[in-house]
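Okay, thanks for making time, everyone. I'd like to walk through one model today, mostly strand by strand, so have a look at it first.

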Amino acid sequence: MGSKLTPQEFEVSKITNNLIKKSPVVWFLWKKKYNWPVEFVSDNVETVFGYTKDDFMSEKVMYSEIIHPDDIQRVQKEVISQSKTGTSSIIHEPYRIITKTGEIKWLNDITLIRRNKNNEITHYEGIVIDIIEQYNREKSLKESERKYKVLSEQFRLMSDNIPDLVWSKDLDGNFTFVNKAVCEKLLIAKDTQEPIGKKDMYFAIRQRKLYPDRKDWHTFGEVCINSDEVVLKTKKPQRFDEYGNVKGKFMFLDVYKAPIFDNTGKIIGTVGHGRIVTKEKEAEKQLQKQNKEYEILNKKYIAQNKELEIAKEKAEESNRLKSAFLANMSHEIRTPMNSILGFAQLLKDPSLEPESKNQFIDIINNSANHLLNLINDIIDISKIDANQMNVIENECKLNEFLFEIYQFFHSEVSRKKGQLKIVFKKGLADGNDVIKTDITRLRQILINLMGNAVKFTHEGLIEVKYILTKDKQLLFSIKDTGIGIHKKDLTVIFERFRQSEEASTRKYGGTGLGLAISKACVELLDGKIWVESQHKKGSTFYFTIPYKKGTTPKLEKKITIDKSVDLFEGKTILVVEDDIHSTLLLEIILKPTKATILNAKDGFEAIEVCKKNTNIHIILMDVQLPKLDGLKTAKEVKKILPHVPIISQTANAMHQDKQKSLDAGCVDYITKPINKKELLQKIAKYML
Ligand code: ADP
């Protein structure tokens, strides 16, 4: 070494020295002696060992003494064993040394063996590297690997033992992790490894192929939005509804997805969590359905409530109307009763002029007829309610029939109101006017409408007419120039008990039943009824009935009775009647006819009388008799006197009663109150 260094060499040596000083690599030259005394060591020895170069080279510090007691034997063994092999180098496993400050450091030691010419080992020359940093790094790596392993095992354990689905995917949508639930419930993969590196569509398609005929099933991913893409685009955690068929069964997933970022903030994939909520969704659907049903029910209830409200209002209205009706009825009954009773009292006066007497009798008659009409109306309303209004069709000559009614009103109009005229126009020529209809009902309708026209018209004209329409309907109209009807009342007047401007019509009387009955009758005959009216100008009531052409009606044996005197002379009439007043009335009516009158007060008496008197010519039989009723009696009497005609008398005005009488063997029936003319006509018809 004695030669001087060139300035460049000196510079290089300086840099090398500096480098060496800072380097963790220390160069040693050990003597092959006990305890490995150091012959030479590089300048940087202090940075690693804490001892100075001098400490070593003065042999104050022996190298073997600073090796960790736990490692020294191994290191010695490595030296001895490897030296023996004749190798030129010794490779040590890293060992520890204890520095001057007592710090333990790990070293890597690569030792070269120096031999002399005789191949005897003289020195060991080695590079010793402080590997603490590398060691620490490796250690922490190992530690973090261990921790990672523990964590991932724990995570795997956790995720495989929950019912929910957990997974992660890379940017291309390939699975990087799936838990057991994903495999078993969603992908139908054989284990948690199978899906790694594959996309979910791979499994969806595989599932689909298993059910080729079920076109209605869709697999996951087929109809849902690509939620991975949404998460990658928005870079935000989000919730999705995902659904599809797995093993053919519909499944609904409540899915949460979030982006995964690396430590530089770059997106590297997504994580997902899914919960199977099929049942909950079905329950929700069911609930929604139920809610809808409840909504409908609610609406229904509201409607029902409204209906109830309307019904209640109607009931209250009908109550109000009934009260008004009762007040009217009371008035309608009491007024004629007042006349009947009052004038009957006056008749008792022996000094009464015959003219006044006749006038009083007329008043009593009219009042009684009025009462009878009222009772008939009430019976009709009951029949309508009981559905007992029957249609019994007869043939009639319409013009003749209408003319009779017209005449009745004509005489009434001319008698009461000089300012009022009534005209009748026919729509079919005489001879061509035979129709088939229920004339009782038709008469009732016409009398009601014409009666109203007369009642509500003070002056002007009442025009009654009918025409045959193109659609084969007979259209009747009754037009008046009377008080008219308010527009608001045009429909309600056809309801029972309803009157227009009730207060003002009170002065006209009436019960508000006529139009309701007329409407029921028209509808019974398959027709329609309506009204056109202008307040204070007049009204026209229209109704239709189907036109049924008839043949000529049978000519009834018409007996005109001018006077009853001696009419039934030589004839015997049996009157079966329990009511003494009715018996008296019949006797008074029949007395002038000179007929012999026999009486029986009940059915049994009647049978006895018939047995004893075989010369009876006709029997007038009351239907409602004590002990044995009239119809049963009639049947018994027929056995004794089969050829004697029986006419039943009844206070019931039902159609069935007539039929029942005929069935019991009677030839005809007559309703009470008995009309004298009608009674005599009927007796004459069957007896003479
Ligand atoms: P009533 O005549 O007994 O009151 P109706 O049922 O026959 O009962 O008539 C009902 C109501 O219709 C009458 O009270 C009246 O207000 C009105 N009305 C009927 N016919 C006429 C008419 N020709 N002119 C004016 N109002 C009428």
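Before I start on pairs of residues, one bit of vocabulary: I call two strands paired if DSSP finds at least two bridges between them. Also, keep in mind that this is a predicted model.

So, the layout. The domain assignment gives five entries: domain 1 at 18-130, domain 2 at 162-288, domain 3 at 332-373, domain 4 at 394-546 and domain 5 at 572-687. Taken over C-alpha atoms, the centres of domain 2 and domain 5 are 101 Å apart. I'll spend most of the time on the C-terminal sheet, then hop back to some earlier bits.

Here's the sheet. It's open, has 5 strands in the order 20-19-21-22-23, and the pairing is parallel. At the edges sit strand 20, residues 596-600, and strand 23, residues 668-671, and each of these pairs on one side only. On average, neighbouring strands are turned by 20 degrees against each other, ignoring direction.

Let's go through the pairings. Strand 19, residues 572-576, runs parallel to strand 20 and is joined to it by 5 bridges. Within that pair, valine 575 has asparagine 599 of strand 20 as its bridge partner. Strand 19 also runs parallel to strand 21, this time with 4 bridges, and there leucine 574 is partnered with isoleucine 619 in strand 21. Moving along, strand 21 and strand 22 are parallel too, paired over 4 bridges, with methionine 621 bridged to serine 648 in strand 22.

How buried or exposed is strand 21? Mostly covered: 5 of its 5 residues are buried. As a reminder, in a regular strand the side chains alternate between the two faces of the sheet. In strand 21, Ile618, Leu620 and Asp622 point one way, Ile619 and Met621 point the other way, and all of them are buried.

What packs onto this sheet? Helix 16, residues 580-590, does, touching strand 19, strand 20, strand 21 and strand 22, and its direction makes about 170 degrees with that of strand 20. Then there's helix 20, residues 676-687, lying across strand 19, strand 21, strand 22 and strand 23 and running at about 170 degrees to strand 23.

Now zoom in on one residue, glutamine 649, which is in strand 22, residues 646-650. Why does glutamine 649 count as buried? Because its relative accessibility is 1%, and the cut-off for buried is under 20%. Leaving aside neighbours within four places in sequence, the contacts of glutamine 649 include Val576, Leu586, Met621 and Ile670, and also charged company such as Glu577, Asp622 and Lys672.

That Lys672 is worth a second look, by the way. A cis peptide bond joins lysine 672 to proline 673, with omega about 0 degrees. Proline 673 is in the loop between strand 23 and helix 20.

One more helix pair in this region. The axes of helix 17, residues 603-612, and helix 18, residues 630-640, come within 10 Å and cross at roughly 10 degrees, so helix 17 and helix 18 are roughly parallel to each other. On the helix 17 side you've got Gly603, Ala606, Ile607, Cys610 and Lys611, and they meet Thr633, Glu636, Val637 and Ile640 of helix 18. Sorted by class, that contact has 5 nonpolar, 2 polar and 2 charged residues.

Right, back towards the N terminus, to strand 7, residues 165-170. Of its 6 residues, 5 are buried, so strand 7 is largely enclosed by the rest of the structure. The pairing here is antiparallel: 6 bridges join strand 7 to strand 11, residues 267-276, with leucine 165 standing opposite glycine 274. Strand 7 also pairs antiparallel with strand 8, residues 175-178, over 3 bridges, and tryptophan 167 has valine 178 as its bridge partner. Strand 7 and strand 8 make a hairpin with 4 residues in between, and glycine 173 in the turn has a positive phi of about 90 degrees.

While we're on positive phi, which residues other than glycine have it? Asparagine 35 does, near 70 degrees, in the loop between strand 1 and strand 2. Asparagine 35 counts as buried, because its relative accessibility is 16%. Lysine 472 has a positive phi as well, near 60 degrees, and is in the loop between strand 15 and strand 16.

That's my tour, so over to you for questions.

Note on methods
Residues are numbered from 1 along each chain as its sequence is written. This is a predicted model: local features need pLDDT of at least 70, side-chain atom pairs count only at pLDDT 80 or more; totals for chains, interfaces and linings use all residues. Side-chain values use heavy atoms; hydrogens and water are left out. Domain bounds come from an automatic or database domain assignment. Helices (H or I, at least four residues) and strands (E, at least two) are DSSP runs, numbered from the N terminus. Buried means under 20% relative accessible area, exposed over 50%, partly exposed in between (1.4 Å probe, protein chains only). Contact means heavy atoms within 4.5 Å. Axes are lines fitted to C-alpha atoms, for helices over the stretch in contact, and angles run from 0 to 180 degrees between N-to-C directions. Angles under 35 degrees count as roughly parallel, over 145 as roughly antiparallel, 65 to 115 as roughly perpendicular and the rest as oblique.
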